[in-house]
Amino acid sequence: MSFWKPGTERPQGRVVDDEEGGVLFLSGSHSSSSSSYGYASIEKQRQRLPVYKYRTAILYLVETHATTIVVGETGSGKTTQIPQYLKEAGWAAGGRLIACTQPRRLAVQTVASRVAEEMGVKLGDEVGYTIRFEDVTKPDVTVLKFLTDGVLLREMMDDPLLTKYSVIMVDEAHERSISTDILLGLLKKIQRRRPELRLIISSATIEAKSMSDFFRMRKKRREPENEEHGLEVEPAILSVEGRGFNVQINYAEEPVPDYVQAAVSTVLLIHEREPTGDVLLFLTGQDDIDAAVQLLSDEVQTNGKQSSGLIVLPLYSGLSRAEQELVFSPTPRGKRKVVISTNIAETSLTLEGVVYVVDSGFSKQRFYNPISDIENLVVAPISKASARQRAGRAGRVRPGKCYRLYTEEYFLKHMSNEGIPEIQRSNMVSCVIQLKALGIDNILGFDWPASPSPEAMIRALEILYSLGVLDDDAKLTSPTGFQVAEIPLDPMVSKMIIASSELGCSQEIITIAAVLSVQSIWISGRGMQKESDEAKLRFAAAEGDHVTFLNIYKGFHQSGKSSQWCHKNYINYHAMRKVLEVRDQLKRIAQRIGLVLKSCDGDMQAVRKAVCAGFFANACHLEAYSHNGMYKTLRGSQEVYIHPSSVLFRVNPKWVIYNSLVSTDRQYMRNVITIDPSWLLEAAPHFYQLLKPDSLH
Ligand SMILES: Nc1ncnc2c1ncn2[C@@H]1O[C@H](COP(=O)(O)OP(=O)(O)OP(=O)(O)O)[C@@H](O)[C@H]1O
């Protein structure tokens, strides 16, 4: 393809150029027996993975070291094999469990089901998984448990020393999600109290040295020392040489002006010129994924011949299980699947049919400014570590190709090696409450793998204090603080739920919280905007989006939860099913923590007050002189606008509260509701005490 240049990068390991020059083959790759791979027995497949040669070494290191750091290329078999080796070596004997954590829910589910298949057991029996709102394990039966690092943190609330686990493997540690970082800090603490606990930290691209420095045990008086247990205090580092199959890397010859358009053209070129094999395309979020799906679908319709045989499927976290399963189902003969995904498919995932990866070079990342107290999801360039993970989704069951929509020069000279840890670019509210709930009082002195900024910490403490979650001594309040910590949602949403119990509208607020937890309940896409806007008008409430959600939920219920009803109204049926599931779970949690489940029977003032009780920090007022709908945040005076997807877009009420901000050309408020400013002082007198009373009119 003239647009493309093969890469010349020399990655780690022995590199062999092929005759055409410039195409990279990494050492230790699977041999050309790839064609028979599909027919090999699962046992043979397992033995062919690079990690297999290291089985004895891994088991020896885990036996003799408190912490083992395993670095191995993508596809070398770390995630699926190491937990099985541990089980085979007896680490799950005597009622103990082996845990393997992942930063993402999708990876947890798919890896668990692969391992269950390899072990020939039913998923949920010996091998199970737990993600938020879903537990597929059996007490006393499950011995290998895959879970998100966030769920393992929650388990610590009931069992602070994680006593049921013999080994905990923290996988994909390079991602440095907030939960991974908190978990690493806490596991280090636990190790001091439970020297018999073994940790494995694994990744393809982790900086093993800094991780090793972090886990090096310091001797402290009156603490049990691992040396007494015959364990090495210095973490072991094992490098697994070799990877799955060859992945040929190609770069764009010139920078691309529009990555969605370039991605679509690349997919069409692959379809036209390359042999069979599915394509995995990485974009950033639902909006550009929907746009690409639409562009490709249009192409299939208008230009039938070249694009016939393409099956285009989106993949992002808001999708239902059924929609996600389509992505994993076998591709029909003669067809080519194109999966268009966010970075949820970036790590640990094996999509069997994928031969080609197209990498836009971007992802949506969270950035928090503690000064303005604004957190944004911004489309930002990925790191080299992410680019390698993305390329690693090809070459898993046969050789593959990766097309990077950026130049090689950009990759080599301008892309950062690793991303900034999430903890250094996020609002710390959820993190602080979790640590408090785990009894860590001195959070400023907590041993982090990477420290968050003191400003972000202080902001978080201030908000939690205003939410009534922390008291003057920065301890969890009773009952509010403990209740908020029990609900596995953003503390602002949790506080809204708790307030609704007192305001007599918890049934409505739990519905709203469930809708906010799915990415979008609307069907969107190019060419459907008009119809979808008209449908929205049928449900629009003058109070704003939250009340609109209630109208939709009611309509869905009255239709008998019908998929046709959803289709007719441009509502995503699968998203609504998910809302029902989350709602049920939240009801159970609410009852468990003693909230009263009650409906306000149409009293929307109660609903708005409850939203205000949780989200007062996001209050904004319309600038008096503004003709273009400019609002200013009450705290921080930031310029913000109502997002065009909101039912209040162009209505521009004077006082509003938003749920989140998205940043494109401007800062847009999503999910907006009107409020009476006097409620702000009621909800958070401390937070707003510095505002002049006349500014609240
Ligand atoms: N669902 C699956 N179907 C077919 N093969 C699979 C599946 N899952 C894993 N494999 C095979 O096992 C190999 C190892 O996968 P595993 O996830 O253990 O690797 P890894 O080293 O953890 O890689 P990564 O860092 O990319 O997660 C894959 O490259 C693939 O060959």
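1. Strands β4 and β10 run parallel and are joined by 5 bridges. Within this pair, T68 stands opposite I200 of β10. Strands here are DSSP runs of E with at least two residues, helices are DSSP runs of H or I with at least four residues, and both are numbered from the N terminus. Two strands count as paired if DSSP finds at least two bridges between them. A word on the source: this is a predicted model, in which local features need pLDDT of at least 70 and side-chain atom pairs count only at pLDDT 80 or more, while totals for chains, interfaces and linings use all residues. Residues are numbered from 1 along each chain as its sequence is written.

2. Strand β4 also pairs with β11, again in the parallel sense, over 5 bridges. The bridge partner of V70 in β11 is L238. Strand β4 (residues 67-72) is mostly covered, with 6 of its 6 residues buried; buried stands for 20 or more other C-beta atoms within 10 Å of the residue's own, exposed for 12 or fewer, and partly exposed for the range in between, with C-beta atoms placed from the backbone. T67, I69 and V71 point one way from β4, T68, V70 and G72 point the other way, and all are buried.

3. Please have a look at I200, which has its place in strand β10. I200 counts as buried because it has 28 C-beta neighbours inside 10 Å. Apart from neighbours within four places in sequence, I200 is in contact with V62, T68, V70, I82, V167 and M169; contact requires C-beta atoms, placed from the backbone, to lie within 7 Å. T68 thus turns up both as a contact of I200 and as the residue opposite I200. I200 and I420, by contrast, are 220 residues apart in sequence and 22 Å apart in space, C-alpha to C-alpha.

4. Now for the whole sheet: 8 strands form an open sheet with mixed pairing, in the order β7-β6-β8-β5-β9-β10-β4-β11. Its edge strands are β7 (134-136) and β11 (236-240), each of which pairs on one side only. On average, neighbouring strands of the sheet are turned by 20° against each other, direction ignored. Axes are lines fitted to C-alpha atoms, for helices over the stretch in contact, and angles between N-to-C directions run from 0 to 180 degrees.

5. At the β7 edge, β6 (residues 127-131) and β7 run antiparallel and are joined by 3 bridges. Y129 stands opposite V136 in β7. Helix α5 (residues 105-119) packs on the sheet and touches β5 (97-102), β6 and β8 (144-148), its direction making about 175° with that of β6. Helix α7 (residues 178-193) packs on the sheet too, touching β5, β9 (165-171) and β10 (198-203), and its direction makes about 150° with that of β9.

6. Which domains is the protein divided into? They are domain 1 (31-240), domain 2 (247-422) and domain 3 (461-697), with bounds from an automatic or database domain assignment. The ligand lies between domain 1 and domain 2, because both give residues to the shell around the ligand. In total, 20 residues surround the ligand, and the closest are T74, G75, T79, T80 and T350; near here means a C-beta atom, placed from the backbone, within 6 Å. Helix α4 (residues 78-88) gives the most to this shell, with 4 residues. By class, the shell has 3 nonpolar, 13 polar and 4 charged residues; Ala, Val, Leu, Ile, Met, Phe, Trp, Tyr, Cys and Pro count as nonpolar, Asp, Glu, Lys and Arg as charged, and the others, Gly among them, as polar.

7. Between domain 2 and domain 3, 18 residues of domain 2 are in contact with 18 residues of domain 3. α10 (286-302), α12 (321-328) and β18 (374-381) each supply at least two residues of the side of domain 2 that touches domain 3. The most comes from α10, with 5 residues. This side of domain 2 divides into 8 nonpolar, 7 polar and 3 charged residues.

8. One more element of domain 2 deserves a look: helix α13 (residues 384-391) is mostly covered, with 7 of its 8 residues buried. Its buried residues pack against β12 (247-252), β13 (278-282), β16 (354-359), β17 (362-369), β19 (400-404) and α14 (408-414).

Methods: Contact = placed C-beta atoms within 7 Å.
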